[in-house]
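Biologist: Could you give me a close look at the pocket side of this one, cut-offs included?

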Amino acid sequence: MVCLGNICRSPLAEGAVRAHLDRSGLDWVQVDSAGTGGWHAGEPPDHRSIAVAAGAGVDIRAQRARKLRAADFEHFDWLLCADRSVLRDVRAMAPSSRPAQAALLLEWAGMGDGAEIPDPYTGGSEDFRRVWAMVDAAAAGIVERLSAGRPSS
Ligand code: 4NP
């Protein structure tokens, strides 16, 4: 799960996917999150993300922000991006041997072509609630898609 700062959207996406995975029994799936920028590296998620996840019974307090690294392209089958700008940056960071594994998170989850998760960083708690609703619905779609089988790429 990749966004810009790894403190608002992708920690929520990681928490939502982890919660859905826990219920699904897909024990081969590994989920993590990162940002294309490293400004908040080492920090816990934004307090507004922590609060909205806690309201849904999901504890994301132990997460720590980090910047996307080259090894992520080797380790993970898919890098699911919050918006087009993040997707563009992720593709630019990709080694030429692994160019095709980045996608829009909501699109990959079956929630519509080109659908993006808006950046709530400068917004209010309503924006964070909207992001949670998006990633929670997407997590269901992601787990359903993964249930169909392990990616071959
Ligand atoms: P995120 O939100 O990409 O959803 O984590 C942001 C957090 C921090 C910044 C930008 C977006 N920032 O510029 O510091």
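Modeller: Sure, let's begin with the chemistry: the lining of the largest pocket has 16 nonpolar, three polar and five charged residues. Here Asp, Glu, Lys and Arg count as charged, Ala, Val, Leu, Ile, Met, Phe, Trp, Tyr, Cys and Pro as nonpolar, and the others, Gly included, as polar. Keep in mind that the model is predicted, with pLDDT of at least 70 needed for local features and 80 or more for side-chain atom pairs, while totals for chains, interfaces and linings use all residues. Residues are numbered from 1 along each chain as its sequence is written, and side-chain values use heavy atoms, leaving out hydrogens and water.

The lining comes to 24 residues, and those nearest the pocket's centre are Val29, Gln30, Phe76, Asp77 and Trp78. Elements giving two or more residues to that lining are helix α3 (70-75), strand β3 (79-81) and helix α6 (125-147) (DSSP runs, H or I of at least four residues for helices, E of at least two for strands). The volume of the largest pocket is about 430 Å³.

Trp78 turns up again in the one aromatic pair of the structure. Its partner is Trp108, with 5.5 Å from centre to centre and 55° between the planes, a tilted arrangement (rings pair with centres within 6.5 Å; under 30 degrees is stacked, over 60 edge-to-face, the rest tilted). This pair joins distant parts of the chain, 30 residues apart: Trp78 sits in the loop between α3 and β3, Trp108 in helix α5 (residues 105-108).

Now for the ligand. Around the ligand are Cys3, Leu4, Gly5, Asn6, Ile7, Cys8, Arg9, His40, Asp119 and Tyr121 (a heavy atom within 4 Å). That shell divides into five nonpolar, three polar and two charged residues. Leu4 has a backbone N or O atom 2.9 Å from a ligand oxygen, and Cys8 likewise places a backbone N or O atom 2.9 Å from an oxygen of the ligand. From the side chain of His40, an N or O atom lies 2.8 Å from a ligand oxygen.

Key:
1 Å grid on protein atoms, 1.4 Å probe; cavity = no way out; pocket = protein on both sides within 12 Å on 5 of 7 lines; lining within 4 Å. Points joined across faces, edges and corners; volume = space filled by probe spheres on them. Polar contact = N/O pair within 3.5 Å; in protein donor to acceptor, adjacent residues only side chain to side chain. Phe/Tyr/Trp six-rings, centres within 6.5 Å; stacked < 30°, edge-to-face > 60°.
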